[in-house]
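Colleague: Got a minute to go through this one with me? I have a few quick questions.
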Amino acid sequence: YRCLAIGASTGGPVALQKVLSVLPEGFAYPIFLVQHMPGTFTKAFAERLNQHCHIRIKEAEHGDVVQNGWA
């Protein structure tokens, strides 16, 4: 199975936005992001990234289906 996986810690939010904002809509692989931060911030972070990127970004939930072009 082909996918893109990115893990980040300090400095990650800015770096993730820079990397993800240049990916085109319809990116050919699903993307898995792991950002070290308190759980109370992850949903808002995913929503903010989704507003600034061409791909779809959301916080993972039980039952989600992996899709190309989604993070």
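Modeller: Sure, let's take cysteines, then aromatics, then a helix. Keep in mind that this is a predicted model.

Colleague: How many disulfides?

Modeller: The count is zero.

Colleague: Why is cysteine 3 not in a bond?

Modeller: Because the closest cysteine sulfur, in cysteine 53, is 18 Å away. A disulfide needs the two sulfurs within 2.5 Å.

Colleague: And is cysteine 53 buried or exposed?

Modeller: Cysteine 53 is buried, at 11% relative accessible area. Cysteine 3 is partly exposed, at 41%.

Colleague: Switching topic. How many aromatic pairs in the whole structure?

Modeller: One. Phenylalanine 27 pairs with tyrosine 29.

Colleague: What is the geometry of that aromatic pair?

Modeller: Edge-to-face. The centres are 6.1 Å apart, with 70° between the planes. Phenylalanine 27 is buried at 18% relative accessibility, while tyrosine 29 is partly exposed at 30%.

Colleague: Now helix α1. Which residues are buried there?

Modeller: Helix α1 covers residues 12-20, and its buried residues are Gly12, Leu16 and Leu20.

Colleague: Where do those buried residues sit, seen down the axis of α1?

Modeller: Within an arc of 50°, so they line one face of the helix. The general reason is that an α-helix has 3.6 residues a turn, so residues three or four places apart point the same way.

Colleague: What is on the other side of α1?

Modeller: Val14 and Lys18, which are exposed there.

Colleague: And what covers the buried residues of α1?

Modeller: The cover includes β1 (4-8), β2 (31-35) and α2 (39-52).

Conventions: Residues are numbered from 1 along each chain as its sequence is written. This is a predicted model: local features need pLDDT of at least 70, side-chain atom pairs count only at pLDDT 80 or more; totals for chains, interfaces and linings use all residues. Side-chain values use heavy atoms; hydrogens and water are left out. Buried means under 20% relative accessible area, exposed over 50%, partly exposed in between (1.4 Å probe, protein chains only). Rings of Phe, Tyr and Trp (its six-membered ring) pair if their centres lie within 6.5 Å; planes under 30 degrees apart count as stacked, over 60 as edge-to-face and the rest as tilted. Helices (H or I, at least four residues) and strands (E, at least two) are DSSP runs, numbered from the N terminus. The arc is that of the directions from the helix axis to the C-beta atoms. Contact means heavy atoms within 4.5 Å.
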